[in-house]
Amino acid sequence: MSFRMLLSIVLTLMVARLTLSLDNGLARLPPMGFQAWVRFRWRTDCDLDPKNCLSEALIRTMADLVVEKGFKDVGYEYVNIDDCWMATERDPSGKLIADPIRFPNGMKSLADYVHSKGLKIGIYESMGYQTCQGFPGTFEHIDDDAKTFAEWGIDFVKMDTCHTPRGQLVSEGFKNFSRALNSTGRPIVFSCEWPHVGPHPDWDTMFNYCNTIRNGRDVQDSWDAVTSIIENFAKNQVIFKNVSGPGRYNDPDQLIIGDYALSYEQSKTQMALWAIMAAQLLMSNDLRDLPAWAEDILKNKEIIAVDQDPLGIMGQRIVNETRMQVWTKPLANGSFAAVFFCPFHGIPYDYTTTPRKLGFHTGTIYKIRELFEHKDLGTFQTDDSVTVTVNPYGSVMIRADPVMSSHKPGTHFKINPL
Ligand code: GLA
């Protein structure tokens, strides 16, 4: 064998190795942005509902508002289109195309527009024959579709599993699409959605191919959906925590704050717990029409900082009582965050604990701050008592930063309803 041949074999093997695992350097922090699905769904008739149909105009407007309303300034970056963006058939050459009526200028032009705002754009596909809503799936088109997305300038792909042919392993589909995305050379976040039925995969291995993994049922615009996702995360928290970290995050699904279902208190809970779980924060709401309180919750920089903490550790539920759940999350530089969530009806409940019971470092003095009220609560030593008052279905969220200063006793604090 000539030296040239040997060199070419070695180089080929190196390239093959490079495209074997998802080492794309992306999603070091949980991705943040807007996702169209829960709020806009399958609205495709623009004659009937021009304001809300899934279209180029809608996505442009959402991108405009991410910037104009200050969401970009606090970290929301991706503008993600979900299902129903495609024409019902591929073009004659087999290439995916956007619906020509609703996206008259095509995806490349829309991507250029979103990029011109300093944002990134996401798209949706399913690895089966069809997407969940019956549009062309990526089965047998994996390499071509990955190339098409890269050519358009897509930055984020959500991959669903609807209509995967019988006998086809879902895990193989994720692997193949991940490799195909890597081979395009374009940095594209790969967000996988594991099907809700059947045995769960080896999540650790799957994270070699996916930056984020949806590991539970769809969020709906309902409090029940939010609480059942919270329960699923709590039930699997050891497994989920151990497999996640920078570049690989569990996905409890979209934020529905500002939609129809959640009250003010319930919205605080979704934001606080998604942040404590180091979840991707993809809000699915109508940015044209958000109540001011919902905007405040979504743009709460102190809570976003907990979500975006560089350690990327998923928080855990450490107390699960009828009237109170406590979740804690270690943060960089020896800090901690904790959420006190009241899952019970009735009246505001008091809960008393100590830094020791919360699992903070023994012997360290902490400055504790409430993150919804933006209030310093004082400094606390290991066995000082901390009492929080939490409204039904609501949450109080604290951050504890170690301090060297002398100890000043903390105070009882009460968070009043609106
Ligand atoms: C599935 C997903 C949703 C959404 C729809 C689109 O149900 O779980 O998040 O993408 O498909 O059809």
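**Note on the ligand site, pockets and cavities**

1. A polar side-chain atom of D82 lies 2.6 Å from an oxygen atom of the ligand. The model is a predicted one, and the distances, areas and volumes in this note are to be read with that in mind.

2. Two further residues place polar side-chain atoms by ligand oxygen. For D218 the separation from a ligand oxygen atom is 2.6 Å, and for Q133 a polar side-chain atom is 3.1 Å from an oxygen atom of the ligand. Taken alone, the ligand would expose 310 Å², of which the protein buries 92%.

3. The shell around the ligand consists of W37, D82, D83, Y124, C132, Q133, K158, D160, E193, R214 and D218. By class, this shell has seven charged residues, three nonpolar ones and one polar one.

4. The ligand takes up the space of the largest pocket. That pocket has a volume of about 250 Å³. It is lined by 19 residues, and those closest to its centre are C132, D160, E193, H196 and D218. The lining divides into eight charged, seven nonpolar and four polar residues. C132, D160, E193 and D218 also belong to the residues around the ligand.

5. The second largest pocket holds about 190 Å³ of space. Its lining is made up of T161, T164, L169, V170, S171, W194, P195, V197, G198 and P199. No charged residue is found there; six of the lining residues are nonpolar and four are polar.

6. Turning to enclosed space, the structure has two cavities of 30 Å³ or more. The largest has a volume of about 60 Å³. Q35, F156, K158, S191, R214, D251, D253, Q254, Q280 and L282 line this cavity, with four charged, four polar and two nonpolar residues among them. K158 and R214 appear both in this lining and among the residues around the ligand.

7. The second largest cavity has a volume of about 40 Å³. Around this cavity are R214, N215, G216, R217, I229, N232, F233, D251, P252 and D253. Helix α8 (residues 223-235) supplies three of these residues, the largest share of the lining. By class, four are charged, three polar and three nonpolar.

8. Which residues line both cavities? R214, D251 and D253 are listed for the largest and again for the second largest. Of these, R214 is also one of the residues around the ligand.

Definitions and conventions. Residues numbered from 1 in each chain as written. Predicted model: local features only at pLDDT ≥ 70, side-chain atom pairs only at ≥ 80, totals over all residues. Heavy atoms only, no water. Near = heavy atom within 4 Å. Polar contact = N/O pair within 3.5 Å; in protein donor to acceptor, adjacent residues only side chain to side chain. Areas by Shrake-Rupley, 256 points an atom, 1.4 Å probe, with all protein chains shown as cover. 1 Å grid on protein atoms, 1.4 Å probe; cavity = no way out; pocket = protein on both sides within 12 Å on 5 of 7 lines; lining within 4 Å. Sits in = over half its atoms within 2 Å of the grid points. Nonpolar A, V, L, I, M, F, W, Y, C, P; charged D, E, K, R; others polar. Points joined across faces, edges and corners; volume = space filled by probe spheres on them. Helix = DSSP H or I, 4+ residues; strand = E, 2+ residues; numbered from the N terminus.
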